[in-house]
Each structure stands twice: as structure tokens, then as C-alpha cells.
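Colleague: Please take a close look at a single part of this model, one position and its surroundings, and then follow the connections outward from there. I should like one continuous account.

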Amino acid sequence: MKFIKDEEFIRGKCPMTKEEIRMLSIGKMNISEDSLVLDVGCGTGSITVQAALIAKKGKVIAIEKEDEAFEITQKNIEKFNCDNVEIIKKEGSSCLDELLDNNIKFDSIFVGGSSGHLEEILLKCNAALKNDGVIVMNFITLDNAYKGIEIMKNLDYKVDVSLVSISKNRGNSLMMMALNHIYVIQCFKSVKD
């Protein structure tokens, strides 16, 4: 699997899951060739595009409410020829309601943004996830990471937390510049007997 470099994506001013974090997050999503994947708050579409390239016989549904991010995601989908992606311009929670009304069940869900509605979105993601599915969440703040972990534990998910620190060299020098620490949280839905 070829992982896409950050500089290959059309960016604009939208938030983007950086390359190393994207690689780890995608790896933790357990995506297979025929997976149905949901990306909530897709930003530039970097997770959406990378997931679509893995799930070649599956489908990725991306949700984004912000105008610029929606347009940037569309451009990245076109740039990487991802014909197995549907992008929906809508607020995450109301879009999840529509997906649930249509009984769509996902193998993997990535939560990159919640616009302050984390619990509501995670409860709906839980309802939209297959019994053997996985939810992966990325957070910058400990507060949001803790809230996400507690919500998922209360839903009986098995939770695996990684705090990832990446530093990259600047220009041609070996001066290392730290990126934001990111909590990568992988949540496995437990099947009750």
C-alpha cells in the first residue's frame, strides 16, 4: 500500500491529519478491500482518500459541513481518482441520522471532527457500526481524548490509546520541529452474547 505524502494533497487552509498520524490511524481502522468506511469531519479528505485507495471494492462516505473543506475534499477525491467516495455536505450528527434511517452499517469509522457534539456523534457512530467494527478517533487535547475514551468505555468498547509525538526536520537542516501531540484512539465494538 502506497501512503500519500502530505505535500501531494491539495490543502488550502483546512485542517489535515498529518502523514505519520494518518498512516497510524488508517492502520488502526482495519480497512479491507471491500470495507464500508465513514469519515466524520473529513477536512481536506486525506483520511477519506487514503481509505478509498485501500477499500477499492468498498466505499467511503465522507461528511464535512464547512464550505472550503468540502471543496478541498472534492478536489482531492478527483485528484486521486477515488470513484468509490461519496462526500456529503452536512453537519455530522444530522448526516448520521440519515445514514441510520437508511440502515447503513460501517466496518470502520474515523472521527476527525465533532464541532463540540462529541457524545452525540459517538452514540450515533456506535449505532451505525457493524458488530465487529472499529472506530478510530484523533484528538489534540487531553480533555477531548478523555471524553471520547469514557464515552466508548461506557458503550463497552475495547479501547486502545496511543499518544503520538512526531518531530520532523525543517528544510535541509537536521533541526527537529515538533508537531502537535495527537491521541489516536482505536475502539473495538464488543459483541455481546
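**A glycine and its surroundings**

Modeller: Gly-148 has its place in helix H6. The model is a predicted one. Is Gly-148 buried or exposed? With a relative accessible area of 0%, Gly-148 falls below the 20% limit and is therefore buried. Not counting residues up to four places away in sequence, Gly-148 touches Leu-118, Leu-122, Met-137 and Phe-139. Ala-52, by contrast, is 96 residues apart from Gly-148 in sequence, and the two C-alpha atoms are 25 Å apart in space.

Two of these partners lead to helix H5. The axes of H5 (residues 118-128) and H6 (residues 142-154) come within 10 Å of each other and cross at roughly 35°; the crossing is right-handed. On the H5 side, the contact is made by Leu-118, Glu-119 and Leu-122, while H6 contributes Asn-144, Lys-147, Gly-148, Ile-151 and Met-152. Sorted by class, the contact comprises four nonpolar, two polar and two charged residues. An α-helix has 3.6 residues a turn, so residues three or four places apart point the same way. That spacing is a useful background for reading the residues that each helix offers to the other.

The other two partners lead to the sheet. Met-137 and Phe-139 are both touched by Gly-148, and strand E5 spans residues 129-139. H6 as a whole lies across E5, E6 and E9, and runs at about 165° to E5.

The sheet itself is open and has seven strands, in the order E3-E2-E1-E4-E5-E9-E6, with mixed pairing. At its edges are E3 and E6, each of which pairs on one side only. On average, and ignoring direction, neighbouring strands are turned by 15° against each other. Strands of a sheet pair through backbone hydrogen bonds, either parallel or antiparallel.

Moving from E5 along this order, one arrives at E4. E4 and E5 pair in the parallel sense over five bridges, and within this pairing Ile-109 stands opposite Ile-135 of E5. E4 also pairs with strand E1 (residues 36-40), again in the parallel sense, over four bridges. There, Leu-38 has Ile-109 as its bridge partner in E4, and Val-37 has Ser-108. Why is E4 described as largely enclosed by the rest of the structure? Six of the six residues of E4 (residues 106-111) are buried, so the strand is largely enclosed.

Helix H1 (residues 19-28) also lies over the sheet: H1 lies across E4, E5, E6 and E9 and runs at about 10° to E9. Its buried residues are Glu-19, Ile-21, Arg-22, Ser-25, Ile-26 and Lys-28. They pack against helix H2, E4, E5, E6, strand E7 and E9. After H1 comes Asn-30, with a positive phi near 55°.

The cores come next. In soluble globular proteins, nonpolar side chains tend to be buried together. Here the largest nonpolar core has 30 residues, and Ile-26, Met-29, Ile-31, Val-49 and Cys-82 are those with the most contacts inside it. H1, H2, E2, H3, E3, E5 and E9 each give two or more residues to this core; H2 gives the most, with five. Apart from this core lies another, of 29 residues, among them Ile-121, Leu-122, Ile-135 and Ile-149. Leu-122 is thus in this other core and is also touched by Gly-148. Ile-135, likewise in this other core, is the residue that Ile-109 of E4 stands opposite.

For the largest core, Val-49 offers a local view. Leaving aside neighbours within four places in sequence, Val-49 is in contact with Ile-4, Phe-9, Asn-76, Ile-77, Phe-80 and Cys-82. At the edge of the sheet, Val-85 is found in strand E3. Its relative accessible area is 16%, under the 20% limit, so Val-85 is buried. With neighbours within four places in sequence again left aside, Val-85 is in contact with Thr-48, Ala-52, Val-60 and Ile-77. Ile-77 is thus a contact of Val-85 and of Val-49. Val-85 and Lys-2 are 83 residues apart along the chain, and their C-alpha atoms are separated by 18 Å.

Technical notes
Residues are numbered from 1 along each chain as its sequence is written. This is a predicted model: local features need pLDDT of at least 70, side-chain atom pairs count only at pLDDT 80 or more; totals for chains, interfaces and linings use all residues. Side-chain values use heavy atoms; hydrogens and water are left out. Buried means under 20% relative accessible area, exposed over 50%, partly exposed in between (1.4 Å probe, protein chains only). Two strands pair if DSSP finds at least two bridges between them. Contact means heavy atoms within 4.5 Å. A nonpolar core is a set of buried Ala, Val, Leu, Ile, Met, Phe, Trp, Tyr and Cys residues joined through side-chain atoms within 4.5 Å. Axes are lines fitted to C-alpha atoms, for helices over the stretch in contact, and angles run from 0 to 180 degrees between N-to-C directions. A crossing is left-handed if the near helix is turned anticlockwise from the far one by less than a right angle, and right-handed if clockwise. Ala, Val, Leu, Ile, Met, Phe, Trp, Tyr, Cys and Pro count as nonpolar, Asp, Glu, Lys and Arg as charged, and the others, Gly among them, as polar.
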